[in-house]
Number of protein chains: 10
Amino acid sequence: MASSSIVSAMTKQGAAAAVRHAKARLGLTWTQIAEAVGRPVAWTTSALLGQQPMSEAEAKAAASLLDLGEDVQQAFRLQPTRGALDSPIPTDPTIYRFYEVLQVYGPTIKELIHEEFGDGIMSAINFRMDVKRERDPTGDRVVVVLNGKFLPYQW
Amino acid sequence: MASSSIVSAMTKQGAAAAVRHAKARLGLTWTQIAEAVGRPVAWTTSALLGQQPMSEAEAKAAASLLDLGEDVQQAFRLQPTRGALDSPIPTDPTIYRFYEVLQVYGPTIKELIHEEFGDGIMSAINFRMDVKRERDPTGDRVVVVLNGKFLPYQW
Amino acid sequence: MASSSIVSAMTKQGAAAAVRHAKARLGLTWTQIAEAVGRPVAWTTSALLGQQPMSEAEAKAAASLLDLGEDVQQAFRLQPTRGALDSPIPTDPTIYRFYEVLQVYGPTIKELIHEEFGDGIMSAINFRMDVKRERDPTGDRVVVVLNGKFLPYQW
Amino acid sequence: MASSSIVSAMTKQGAAAAVRHAKARLGLTWTQIAEAVGRPVAWTTSALLGQQPMSEAEAKAAASLLDLGEDVQQAFRLQPTRGALDSPIPTDPTIYRFYEVLQVYGPTIKELIHEEFGDGIMSAINFRMDVKRERDPTGDRVVVVLNGKFLPYQW
Amino acid sequence: MASSSIVSAMTKQGAAAAVRHAKARLGLTWTQIAEAVGRPVAWTTSALLGQQPMSEAEAKAAASLLDLGEDVQQAFRLQPTRGALDSPIPTDPTIYRFYEVLQVYGPTIKELIHEEFGDGIMSAINFRMDVKRERDPTGDRVVVVLNGKFLPYQW
Amino acid sequence: MASSSIVSAMTKQGAAAAVRHAKARLGLTWTQIAEAVGRPVAWTTSALLGQQPMSEAEAKAAASLLDLGEDVQQAFRLQPTRGALDSPIPTDPTIYRFYEVLQVYGPTIKELIHEEFGDGIMSAINFRMDVKRERDPTGDRVVVVLNGKFLPYQW
Amino acid sequence: MASSSIVSAMTKQGAAAAVRHAKARLGLTWTQIAEAVGRPVAWTTSALLGQQPMSEAEAKAAASLLDLGEDVQQAFRLQPTRGALDSPIPTDPTIYRFYEVLQVYGPTIKELIHEEFGDGIMSAINFRMDVKRERDPTGDRVVVVLNGKFLPYQW
Amino acid sequence: MASSSIVSAMTKQGAAAAVRHAKARLGLTWTQIAEAVGRPVAWTTSALLGQQPMSEAEAKAAASLLDLGEDVQQAFRLQPTRGALDSPIPTDPTIYRFYEVLQVYGPTIKELIHEEFGDGIMSAINFRMDVKRERDPTGDRVVVVLNGKFLPYQW
Amino acid sequence: MASSSIVSAMTKQGAAAAVRHAKARLGLTWTQIAEAVGRPVAWTTSALLGQQPMSEAEAKAAASLLDLGEDVQQAFRLQPTRGALDSPIPTDPTIYRFYEVLQVYGPTIKELIHEEFGDGIMSAINFRMDVKRERDPTGDRVVVVLNGKFLPYQW
Amino acid sequence: MASSSIVSAMTKQGAAAAVRHAKARLGLTWTQIAEAVGRPVAWTTSALLGQQPMSEAEAKAAASLLDLGEDVQQAFRLQPTRGALDSPIPTDPTIYRFYEVLQVYGPTIKELIHEEFGDGIMSAINFRMDVKRERDPTGDRVVVVLNGKFLPYQW
């Protein structure tokens, strides 16, 4: 048995910080990183920010492009404890607007899901999302598409 | 000057309860109500749940279809104090999943908006949304499309 | 159009209170009510406490056995806004112990799910549960079985 | 009396981090570790995550298999201050679903315990639990069995 | 089936208010009420404040002495949802001092229980308590004795 | 005037950690430490956990028995900022049960103090407490005696 | 002495609701009401929303224009307990933006006040504010001017 | 691929601390720094406190004047996660007064915006602000001008 | 035994509302009421606001002067559950300033009490206070004198 | 431009810790330090605990007496972000009692200020306070005098 247990393991949060730093230094985009990883850009971004576990090949590809070491690569593969907001109500305006959408339209979304599908939910696990630009002469628009499997309440 | 000030005004919350009751009694759908009102279904639903002010014509059309009185019709037209969640973190699973999306993908959405548009936000004011069904042989999917004007940080 | 909009609709919470009252007055058990309704006892109890929508037949059977009126029967059929705890951390000791289990064993459950199934969750929607008595000479035991479909993270 | 009091003691949290790291490095499963320790896997996992005190023999067996030092072994034996969630309402979806079960079914569980046993609780101290896979053609299921001694309110 | 479901059932909170009122009007003490009920004074007080269910005989004795009706008597017998504080941290100074004791001496109590009994807890279910006066020439003292069965952690 | 202000002072929290570590290493009990210090065991424990200031002699005796240095000894003598719980509602089950007692019996304790003593409080300052074992054939019991001077409201 | 103490006094909140109702019914603007009252529009609005006490003449003028009774007029004159937000962090978007300004620019405002005035604050008591429209070809702008006396820290 | 991933990147918070330190050491004002940067003083202050991203030229000018290194300069250019308050309700009196303004006048501001502009908000993104001194014989006044584009609710 | 238990007892909060109303209607001051009651004005005010129990004579004197009925008089005599703030952090500016004093000077007060008296507290039970005007040519001053018995920590 | 930006600046919190340490080591009292600084003892204590900025001469005098370096002296002069409590509701009993005074007497203080001065507040900025001993044969008393300029609400 070893007599020393020094823990120098990189956490997923530490790895995320290293990613942001390397991405800025190398002038890479999330799209470029996602291409190297071979996964959709939203998934790749959330994975590198510490919210998804990567396969060995994905972790290798990301670490290689970002010129990061073995320890970060290992962290990319760890099972995350998910939840990325600093506080229950986010303060950053870009993120807050989505909380506001929930405050204003949450019960509306619930009503429309029930009207179309019956009692149940949109899965946030069997789920994908995308952020897109919609050209508009009065100002381009951000389109966020949330796409999750309908799960009916089923005993 | 009147000597009595009995306040029996219908609030937007009271009106929303009356709408739910009447809708169930008459077996109407949000889509049918929206058609009568002449506005998109998501907007109409949020308005009748108390989160938007209606025009006189819209209020009249809604109240007429739902067989509700003048007091509810007046309430439909009031300027709302928006915010429809009972607690900062919603407990209803259908609504909670969208909070979970924010916890897991919030910083990802922020990164992708900044990468595509630069520093700024998706407006939640110049905004529309839609809830749709996507047919899928492995189980149909709920698609929620959030569509807001990009607003750049601009001093 | 009606000129009066008096809202006397029974809410699911009001119906739940009526159920508790009638159940005590008539000396019925949840098991007896569930048999009349024709559904498992845990589901039936949660439905009558306002956390599930009932079909017309189920609502009728429950209201009939409990000698409750049309208004309560209507409330049984409403789509609920789920969430039954008075505060984020429950104070009632019988309920609190399950929160304590989550505090002490939550990350353990997460590890064991991931070890057995990979990255994903136990569904709380495609879900059933049961409360049973296990005879034990040193004191009988409460056995709560939570049974939900495994949902893998799937983009 | 010593003149220096440098505190380099390993905490249970530090030991848990070392365990996760070593487990990943050595490719071990919780089941394998539990076998080496000679205790059920759920107990062993919760102990190594810092929620139970281990006996000297258990601590030795775990540290030996995981190739961890004397300091971690000592930490395994410490009496814990229990409570493993980062926030009162957990954000990780795998853990949150159990909180959701409590929100939706908490009062139901309470009713069924009282109906079967009378006034009292399921002990979370004289308690064991298990996480199992149930094969199902429509998708395997996670079964979590909570098993605690019934404790009647007794003055 | 009845067509009306008017719920006029007395809640345990309503019954507690009625008790306080009647007790003041009749000039009774908790000790006198407890004698009539035939149970210890602390238990009786907590029961009449809505934190314990009474047997039929106990409820009858209490209601009779306090000159309260059938509805209150029924409420005395209901299974309570326990938890009597208005806010997580109590504001009333007489109650707050016990929260302060927990803040200052909580970890001390934990250490001393573990030293004397090993890993486990003092039951708050198999539990009794008493409030007594200790004569003291420098000022009489309040003595609160908490007495609960030791429950060892036991898998 | 010195030009360097390096602050290496031991805090009471750091000293408490050193005490726990040394106590485990040396196999001492709180009772043995209290005897060396010459004060009751509950007071001594709370003092060494950082909730009381010690006299010079007490600090010396404790540090000597625990083989801790001058810096820890100084920390024992500091005036504490009291309050030892990590969160307003404690998560550790051994401590939580006392919070539960407060939730269930707080208003009862208040009533009984007022009935016996009139309007006032049990002091948590002019206060002592003890944790004892009560032998019982059906399982030994933890007895916690809280003993504080009655302080009447007095303008 | 009267034997009945029925309290039917109008609160400032009730009066505010009556004002909103009457204002909508009569089609009046805050500017018109302020002119009748003879005070600035922002002050008048905050007073009628329950945040300022009015003089007898002001209360009379407001109640007369709004056709409200003596009870509301009395309420206008009461000393308020100030604080108009439903929750510590406002949910209504129109109000939230000002909380967001505080989150993003709060420390900036503090720095600039200290740079210009030294250590101190902008009074919120000796204070007036105004909301104005600024014409702008790219979209008109809301200008909110906060104007408070500087109060230096002064012992 | 690098084998080491040491993350020594300066955060925006670290850069803000370096700015405050350098500013004090060099005796510079925010106004002087803003002139060097070539942007308004309120914007420059908020940027250097970590709430805005700077262009390369702005970052260079600021770092040069403040005699700070390349790492801080890089941090000035990073996209911020905005939100600068330590707690939801600020404790510093200079900042709190603006929260108090929101508590007392928030609904008033909302009413006046709606009266002048219709349903919508003052943008906090297309936004500028200024802090000015207004000379006044009874004591100079702090004038904070908030100026944001009106955004109408627009589906 | 009565068969009806209608609870129409006046609470201390209801009584306080009746006092405010009567005081305004009759144009009385707290000082005049205190003189009638024969107690200090601060005590009398806090008692009539529901924070102290009154003797029979005091309650009679107050109710008589305020022309209030027997029910209010009874409420004056009830033992209060103390705590008068609507939220943990008060929003009303006149009250908030005292919370701010605690935020800024709390640890200072603690240090000075310990320096002058040793380890202990100022009693808030054996306590009196007064609010006075201090004439000052630069503006009169509010002087609040808090006067409580020193209670040493004493085991 | 420097290429390294190591931030080793002493914060006001760090300086406060150094002060407490040096004060204990040198056996100084706050009164002695205040005399050296030439300011009242309450102000000096709050300044050295990080809640006030000191002038150069005051900082020099304090650092010299406490034998602290240039870095601490610089920190004494910094503009503070005020707010000294670890949690919104303080846990330390010596400080908590003042929060309790606010809970019990806050609305009373508000009433008495309004009765004597009209609508307004006691300033916490133009403010001084003192902690004194009042000799009393039944036990000496702590007298805390809060003295702030009255500020009338003034538009």
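Between chain I and chain E, the count of salt bridges (a side-chain nitrogen of Lys or Arg within 4 Å of a carboxyl oxygen of Asp or Glu) is zero. Polar contacts between chain I and chain E come to two residue pairs, both partners at pLDDT 80 or more; such a contact is a pair of N or O atoms within 3.5 Å, where within protein one must be able to donate a hydrogen and the other to accept it, and residues adjacent in sequence count only if both atoms are side-chain atoms. The side of chain I that touches chain E has eight nonpolar, five polar and one charged residues, with Ala, Val, Leu, Ile, Met, Phe, Trp, Tyr, Cys and Pro taken as nonpolar, Asp, Glu, Lys and Arg as charged, and the others, Gly among them, as polar. In this interface 14 residues of chain I meet 20 residues of chain E, contact meaning heavy atoms within 4.5 Å. The buried area (accessible area, 1.4 Å probe, that two parts lose on being put together, summed over both) is about 1300 Å² for chain I and chain E, with 60% of it on carbon and sulfur atoms.

A word on the basis of these values: the model is predicted, local features need pLDDT of at least 70, side-chain atom pairs count only at pLDDT 80 or more, and totals for chains, interfaces and linings use all residues. Residues are numbered from 1 along each chain as its sequence is written, chains are lettered from A and ligands numbered from 1 in the order in which they are written, and side-chain values use heavy atoms, with hydrogens and water left out.

Turning to chain B and chain A, 70 residues from each of the two chains take part in the contact. About 6900 Å² is buried between chain B and chain A, and carbon and sulfur atoms give 64% of that area. Eight salt bridges are counted between these chains; in one between Glu111(A) and Arg20(B), the closest N and O atoms are 2.4 Å apart. Polar contacts across the interface of chain B and chain A join 40 residue pairs, both at pLDDT 80 or more. Among the elements giving two or more residues to the side of chain B that touches chain A are helix 1 (12-26) and helix 2 (30-37); helices (H or I, at least four residues) and strands (E, at least two) are DSSP runs numbered from the N terminus. Helix 6 of chain B gives the most to that side, with 24 residues. By class, this side of chain B holds 35 nonpolar, 18 polar and 17 charged residues.

Chain A and chain B also share an open sheet of four strands, antiparallel in its pairing and ordered 1(A)-2(A)-2(B)-1(B); strands pair if DSSP finds at least two bridges between them. At its edges lie strand 1 (120-134) of chain A and strand 1 (120-134) of chain B, each pairing on one side only. The twist averages 20 degrees from one strand to the next, axes being lines fitted to C-alpha atoms, for helices over the stretch in contact, and angles running from 0 to 180 degrees between N-to-C directions. Strand 2 of chain A joins strand 2 of chain B over nine antiparallel bridges, with Lys149(A) opposite Arg141(B). Within chain B, eleven bridges link strand 1 and strand 2, and Met129(B) faces Leu146(B).
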